[in-house]
Structures are given as structure tokens and as C-alpha cells.
Amino acid sequence: MGKLFSEFSLEFLIIPVKKEAIMSTKQKNNAPSPSNSKQLLPLKSITNDPFFIVGMGASAGGLDALENFFQNMPNNSKLAFVIITHLDPNQISLMPELIQKQTEMPVFTIEDGLKVQPNSIYIVPPNKDVGIINGTLQLIDPIENYGFRLPIDYFFKTLAADQKEKAICIILSGMGTDGTLGLKAIKEELGMVMVHDPEVSKYNGMPQSAIETGLVDFICFPENMPDQLAKYIQHTTTLIKRNADKINELSKASTDIMQKIFIILRTHTGHDFSQYKKNTIYRRIERRMNIHQISSIANYFKYLQQNLNEVNMLFKDLLIGVTRFFRDTPAFDELSNTVFPNLFKNKPADYNVRMWIPGCSTGEEAYSIGIILKEFMNQHQFHFSVQIFATDLDSDAIEIARTGVYPANIASDVSKKYLNRYFTKQDNSFLIKKEIREMIVFAPQDIIKDPPFTRLDLISCRNFLIYLDNQLQKKLMPLFHYSLHPNGILFLGTSETIGGFMDLFSVIDKKWKIFERKPNLYAKHEFFEFPISSPVIKDVSNLPQKVSKVTKAQLLERILLRDIVPACALINEKAEVLYIHGRTGKYLEPTQGEFRSNIFDMARKGLKFELSSAIRKALSSQKKIICEGVNVKTNGNTQMINLIVIPLNEPDTLPGQLLVIFEDSRISVKDKQHKGKQGKKTAYTVENVQKIEAELQYTRENLQTTIEELETSNEELKSTNEELQSTNEELQSANEELETSREEQQSLNEELQTVNSELQKKIDELSSTNNDMKNLLNSLEIPTVFLDNNLCVKRFTSHISEIMNLIPSDIGRSINDIVIKLNDAAIVDEAKKVLNNLVFREKETQTHNGHWYLMRILPYRTMDNVIDGVVVTFINITDQKSAVKKIELLNTENQDARDYAESIIETLRESILILDKEMKIVFANKSFYKRFHVLPDETLGKKLYDLGNRQWDIPELRKLIDQVIPENNTFENFEVENHFPAIGLKKMILNARKIVPKGSGQEKILLAIEAL
């Protein structure tokens, strides 16, 4: 960026300074001038409420855009504007003065601790970054004065964190990608983003980079931005005042419509958002309503029905993936320094590392983990094969992640070491090197309905669970536990937790939310729903809308399906899984890479051959096929099962559908037949053993039930204890709030006293200023009188007595009643003309005693730009008048003398030439033209030596003029002979004299030529 400073300097009119510039503020009247009085949509006053702060980022070409913006921005918008630009650190910017010319709002150069106020503009000084906290601007020294800096990104991020949904960012013309990461932070907090149309911007790098994120709300010309901004603020102001309770009430009242919106989204996108947090979903919907100025959620639902594009935009809004490289850097350091050494110790050299990053967005987190894993392997000389599965709901984000190309401003998040080692610089972007990209497989996936990846060493699910409701979170935790290897790692965001699943995970790092998988032999949450994609139901007209009562038969059927019926899967004739019942994880496992629902691909080791044979026999014979004693490898053990495949021939089923049943078996049928041949002697013993085993199983189940009930009771007691602690903390918090209120009241009283003393100081200052003004006017010795709109006297200076007879008691009287000592007393008429057209007037006038004055009448403007009379001044010009007369007389005398001299020269018989110091002829008399047969046009302005065919370039003459004249000022009786083509041979006597004028005139040479 340092190379660009020369361009920026020209753009922002930078002037060099040797010392650090003194930051100044410049204010103008708040009232609109005639050229800047355009008013947009009226905004309701929110003086006592939090106002919106608009961050504006601009670089090369941004000055014109800023000027166009503020020319059309009303002065009473109740907005604050903070302008961040790229400036040379060693030069001072003229931007505050230039912007001030375009608006009546006060323009400030930012100083440390400056409190942001509405209807004000704040501009960053050179060599400083700016942040904002609690509405106060703070200047920060950059780490590097020159080089790659991202001041716009930095301010936008702090603005989003400080102002939340009241943050607005505008990106104008500029090169590079500064502002792109910052606008993502603005969108994460539900702020608004507006961008300069790249088709009309001088440099479209920054606007285009912002648009490519897909998060921009408005793309406008700068002159149209104020109007669009006013509409957005107008609609948002009332909604932003709602507190959380009101939002919850509104969302509850709109539950039915929300469900309909979920249906539209599911129909058009295939994704169900009904299990996301309702408050978060509603705020996203509310933001879309604000953009379109729709006040009713019912009307917005109709708008969705009529506009498919808005459905896609809402879907994108719900999928905003705010991520960056190495987010929470200390957390990644903990992974690299502590977690990885323990996780991979004692692993074989050919170990296959498997990791899963659900909700990866555009891939920054996945690449971050890949980089630190690669760095760890290089340091410890490990050569593991690595497979990192990165999935997300947003297919567009997945495509961006696959390319591995990111804007240049990621340099603020990635260390130089990693940039040089794992990235390739390409113009204004960085490309992830192939060695990292080959480690990661990106794929679209809905974690709610699609099967998970298994046998994993690490799951990094950061800042995704916070968007899901509690029920869905409870479903995902057991799923993550199932997907991990023993002692596998779960890596969550700083705002997320495992909740009540301490029996599944142990804490490694509480601060950075890193957990380790526990064995689940006695876990309470042993059973979970295994997600599997199901066919989309297009006709829902026959589905029951509400179940009001469960019959005994239905209850019994439900219990049988849950506890008695073994795990099974419904497949079609292509062996694609259509539906799964029960826990099939011991028998089926999703394959790595892109998800495939073929049951042969999902079958565990030992099952695939028997499964293929049984399905083929069942399809050909249309009979029930039983395969007993099938050995299936499950998590390092071998499980003996009975595999049953049943063709479905019911009228309601499609042809070719099969039901595959997986039944655990302790003893195979062959073993039972072999034991049956031993005779009657062993039958009685076998029967007793079976009874004892059944009773033992029953006892085990009762014991397990008792353990679970006891753990549930302990959990409930623990929850009650936590609630009591929470209540106690709330009471303590209420007490602290009361104490804080008392302190605030005391502080308010002190502030009122401070305000009172400041007001008294202002009164004293005003009195002092009034005295200074009076003395200033009198010291100027310029007669001045102030008149109101009715031409009555308001104030006058002491010297006005030279013009009119005024005394202090005349204040308030009409000027018509005052005796005026002027020959042409036209003050009243001239003053009326000034009040009518607001254009100042000047007129020369003379007093009775012969003195001349320049009478000047100007409109009297207040600080509010209101015309409140006129100001009449009388400037004494008597001396100037006398001087002009003298000059005119001298000019007349000089002209007479000049005419006299020319007449004498013209009557002489000798030829006369007058030369300037460059030897150019400035005058020749008639005798010269006649004697040498030349014309004035051929002579005047020409050098003497160039006349004719250089006939006068006589060496002797040149020597006399160039050498003798400067030393002696004259030469006489110089005889010369020369041949002239027009007149033949001529003998001449030359006399020359230097003419030195008095004063500041130029020296000349008088040359007289006498013919012989």
C-alpha cells in the first residue's frame, strides 16, 4: 500500500509538513444555504435515543464520491459519520476543509476520546487507526507506518462490536479489498451495508470485493445513497427501540406465519430452519423487512410468495457465515501445543487422520486447522495421511472454499510466517497452496438430516450451535460423541458449551471450549437419532396436522417399535436407503467423501457379501431370506447377527422395496440344532440355563434403569441447585444495580453542577466577546450602523457621527428620522434593495463638507442563517479621490510632452531610430522610411541587424553599440559606408546615445543617421 500513497496524495490533496500537524475542528452554521437546502424524507427525532453511526471507507477516487454524498445529505439526519481513508502518514490531509464546503454539518478531525454526536462528521487523521468503544473514538498508532494496512476493516469491526444493529457501513471507490472483512462483522450484528456502484466508481476494487461477499444490502450511486439511507433509518428507528421481551411477544404472536415461512424455505431450498433459534430467525426476517420497508410479517410472507428471489435472499441472510482465519488465535495455539501432542502420540506411521468441520462457511476455519496440523506434523516429522471433511449448508460458500482464493486483507489475521509458507500471492488475493488444499474435502451437507462422518479424531463445530435451539443441540451432542474415536476432540466456539452432556465429554480447556470424548458404557444419553436423508414428500395434503390423543394401541405399537423391533432399513430395488429404524450404527456406516445412500457402500466389514447375496435372492424369489450367524466387525469387535431380508408386496408400497432387518444373535441356529442332538439328558439343563440367563438379563435391565433414574434425579437436583444459585446471583445483581443507580444519581447531580458552572462561564465569555467586538469596531475607525428588517437602528460605532447625528437614545428609531449629512442620502432605498435580493451594494457618496465615502450595505445573517436586517459601513475614500485626480493630471501632461517630442523627431531631416536593450526597433521617423525605402511593418519590432537582408549587420556598428554604448553611453560622428540593394552605395555618419529614464522605465538607445 505504501506504493499507492503517491496516488492517494493527489486524490486527497495532501500537502507535506515537517512537523506533526495540529488537528483542528472547523464548524459552520447549521442552517441550510440556498445551494444546499435539499431535504429528504423527514426523520423522527431520536435525540434521546441511541443513534446510528455510519462508517464510510474510501480510498483512491473516493473524494468525489464523498463530496457527492454530502452534497445530497440533509443536515438534520440524526446520524453520525466517521470517514476512514488511506493517507500518507507523513502528510496532512485537506479533506476536513473540502468536506466542510459540501455540508453545513460540523466536520471534526478525530482526536483521542472524542465522543461521537449525531449530525456530525469525523475524519481520521494521517498515520492513525481508529476504533470505537462506548460511542467514543480512540486513536491507535499503527504497527507499521508504511506497507499493508487495513484501517477500514479495523474500524468496521470495532463499530460492529460497539453499535450492534445500529452500525452502518458504506464502502466507496478504492483499490484493494479493505473493508470486506469489516462488513462481514457488520452483517453478523445485523447492521446494514451500502456500496458504491462499481460501474461508476473511479476504482472498483473495494466495492467489487464487497459485492462478491453476497452480503451487500444496497448498491447505489453516491448521490442516491442519502435518500436510500433515510428510508432505511425511517423504517428501522421504531423497530430498533424494541427490547427482547417485545421481540419475543411479536414472534409468539406470529408463530403461524413463521411456520409458513419455514415451509416456503424448505420447499424452495430443501432445508428446514424450524429448529433454529426463533429469536435469531425473527431478527433476520425483521432485517429483511426493514430493507423492503415492510412493517407487517404477514405482508412479508405475501412478498415471499410473490418473489422467489427474496426467498433466496432470506436463505442467504440466514446462512451468513462470519468466519476468518485463526479466529481466537490462542485457541488454535492450544490445539497445536497441547491437544495435538496428546492426540497423536503413539500413533503408527501410516495413521489416517480424520477430522470434520461442520458449518465451515467459506473454508477459513478448515484451512486454519489444516495449516496448524501441517505445521505440527512438520515439527514432529510425522507423515500421517490426512482427511479433513469440511461441510456447510451453503453450496455457494463451499464453492468459494474449494477455490482457496481469499482477499489480500486476510494478512491482518494470518501471520507472515504462514502467509509465506502456505499461501501464494496473486494480485489483490492469496491462494492456498496445493499441499493444504489436498488435505481438505469440501462438500454441501445438512448436519440436521444428513449422516455424519465417523471414526474421527477431531470435530470443530465453532459458532454454529449458538444458532440452534436447545432440542437440536441435544440431538447433535450424542451424534458428535458417536462420530469421534475414543479420546477424540470436540472443538466448540467460545460462546458454546456441551450443556448437560458431561457424561459424554470431559473438559480439556474450559476457556477455549475444547473437550475430549468419554467412553459411553454408562452414559445417560446412549441412544440418539441417526440422521439420514429421507425422500421429499411433495403432497402433504393427507398428512395429519395435529395429534390430539394417543390411543392404547398406538402407544403399544410405539413401545414395540422402540424396544422390541430390531434395527432395520427400508431400501428400493437399487439398494438405496429410504428409511432407517433403530440404531443401525453397528451395521451401517456412511462412507467418506460425498454422501451416498447405497446400503452396500454403507455396510460394515463382514456384512457386505451376505447382504448382497440375500438382497439378490429376495428380489429374484420374492420370499423372505434369513442369513444366520453373520459376523460383523463393529468398533474393533465382532458381532454375530441374523440378517433378514423381506420383500414388501403390500398395495401401498412401490415395487422392488425391501426391508433389511439386523437382529443380534448370541447363539446361531446351527449351534441350537447341534445341541438338540445331544438327547433328552441335556434338554433340562439347557432349559434351566436359558431361564437363568433370562433372569440375569432382566436384572441387568432393571439395574440399568435404576442407575439411569438415579442419575436423572442427581441431574435434577444439580439443576435445582444451579437455579437457586442463579436466583441468588440475580438478587445480588439487582442489589448492585440499585447501588449503581444511586451512584448514577449522585453523578448526575455533579454533572448538573458542572453544566451550571459551564453555562456561567459561557455568559462571562459572551460578555467579554461583546466588549472585544465593541472595541474592535471603534478601533477600525469605520463609521458603521446596524439596521433591523424595519430599518430601525440596532447599533452603531462612535465614528458614525461623521455621517449622521446619532446618540444612544436613537437605538430603535427609524433611519428615516435621523439627520444624514450626505449630499445623496439614498441609504433607505439601497437598504431595501439589499433586503429584497440579499445582494450587497456599494455606492460612492459625498458629505456636505466635501469628504468622499464608499457606502457598502450587506445583509445581516445570524448563526441560524436568518436575515435580520442590514449592516451599513462608510469607508473614507477622500484621499483616494485626490490621488486619482493628480494621476489623471500627470498623465495629461506626460501625453502632451510625448506628442511634442514625436513632432520634433518627425520634422528632422536625419533618420532617427529608437532601439530597446535587445536591439529591437521600437520607433522610426518618416525620414528613415523614405530614405531607405522600407515600411513600418518591415521595421518595427525587428532587430536592427535583421533588417532587409541583414544590411545593417555592420561589424563596426555592432561593436559600437554592443561595447561603446554600455561604457560611454554615447558615440558621435561615426562614418560608415554600406551598399543597400534598393538605393545603392551610401555613406552615413552615425550618432547614438543611451536614454536612461527617470523612475523604473526601460533603457533605450537613440540612433541618428545622417547621409553624406
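These are my notebook entries on what I looked up in this structure, which is a predicted model.

**Entry 1: overview**

I began with the whole protein. It has 1012 residues, and 43% of them are buried. I found 28 helices and 38 strands listed for the protein. I also checked how far along the chain the contacts reach. Of the contacts with a separation of 6 or more, 62% join residues 24 or more positions apart.

**Entry 2: the nonpolar cores**

Next I asked myself which residues have the most contacts inside the largest nonpolar core. They are Phe344 and Phe423, in a core of 47 residues. Helix α14, residues 364-380, gives this core its largest share, with 8 residues. There is also a second, separate core of 45 residues, and I noted Tyr282, Tyr300, Phe389 and Leu472 among its members.

I then looked up Phe423 on its own. Setting aside neighbours within four places in sequence, I found Phe423 in contact with Phe325, Ile371, Ile410, Val414 and Tyr418, and also with Phe430, Leu431, Ile432 and Lys433.

**Entry 3: the sheet around Phe423**

Following the chain from there, I came to an open sheet of 3 strands in the order β16-β18-β17, with antiparallel pairing. Which strands stand at its edges? They are β16 (405-407) and β17 (423-426); each has a single partner strand, so one side of each lacks a neighbour in the sheet. I noted an average twist of 30° from one strand to the next.

Within this sheet, β17 pairs with β18 (residues 429-432) in the antiparallel sense over 4 bridges. Opposite Lys425 I found Phe430 in β18.

**Entry 4: helices packing against α12**

I turned to helix α12 and its partners. Helix α11 (residues 297-306) and helix α12 (residues 308-318) have axes that come within 5 Å and cross at roughly 115°. The two helices are therefore roughly perpendicular to each other. On the α11 side I listed Tyr300, Tyr303, Leu304 and Gln306, which meet Leu308, Glu310, Val311 and Leu314 of α12. Sorted by class, this contact of α11 with α12 has 6 nonpolar, 1 polar and 1 charged residues. Tyr300 was already in my notes, as a member of the second core.

Helix α9 (residues 255-269) also packs on α12, at an angle of about 95° with the axes 10 Å apart. That makes α9 roughly perpendicular to α12. The residues of α9 that meet α12 are Ile261, Ile264, Leu265, His268 and Thr269. Their counterparts in α12 are Leu308, Val311, Leu314, Phe315 and Leu318. By class, I have 8 nonpolar, 2 polar and no charged residues for the contact of α9 with α12.

**Entry 5: a hairpin**

Strand β24 (residues 567-571) pairs with strand β25 (residues 577-581) in the antiparallel sense, over 4 bridges. I looked up Ala569 and found its bridge partner in β25 to be Ile580. How many residues lie between the strands of this hairpin? There are 5, and Ala575 takes a positive phi near 65°.

**Entry 6: a five-stranded sheet with a helix across it**

Further along I found an open sheet of 5 strands, with antiparallel pairing and the order β30-β29-β33-β32-β31. At its edges stand β30 (793-796) and β31 (841-846); each has a single partner strand, so one side of each is left without a neighbour in the sheet. The twist from one strand to the next averages 20°.

I checked the pairing at the β30 end. Strand β29 (residues 784-787) and β30 pair in the antiparallel sense over 3 bridges. Leu787 has Val793 of β30 as its bridge partner. Helix α24 (residues 827-837) lies across β31, β32 (852-861) and β33 (867-876), and I noted that α24 runs at about 35° to β32.

**Entry 7: one lysine**

I closed with Lys184, which sits in helix α5 (residues 180-188). Is Lys184 buried or exposed? Its relative accessible area is 14%, and the cut-off for buried is under 20%, so Lys184 counts as buried. I also looked up its distance to Val216, which is 32 residues away along the chain: the C-alpha atoms of Lys184 and Val216 are separated by 9.4 Å.

Key
Residues numbered from 1 in each chain as written. Predicted model: local features only at pLDDT ≥ 70, side-chain atom pairs only at ≥ 80, totals over all residues. Heavy atoms only, no water. Core = buried A, V, L, I, M, F, W, Y, C linked by side-chain atoms within 4.5 Å. Buried < 20%, exposed > 50% of the residue type's maximum accessible area, 1.4 Å probe, protein only. Contact = heavy atoms within 4.5 Å. Pairing = 2+ DSSP bridges. Axes fitted to C-alpha atoms, helices over the stretch in contact; angles between N-to-C directions. Parallel < 35°, antiparallel > 145°, perpendicular 65-115°, else oblique. Nonpolar A, V, L, I, M, F, W, Y, C, P; charged D, E, K, R; others polar.
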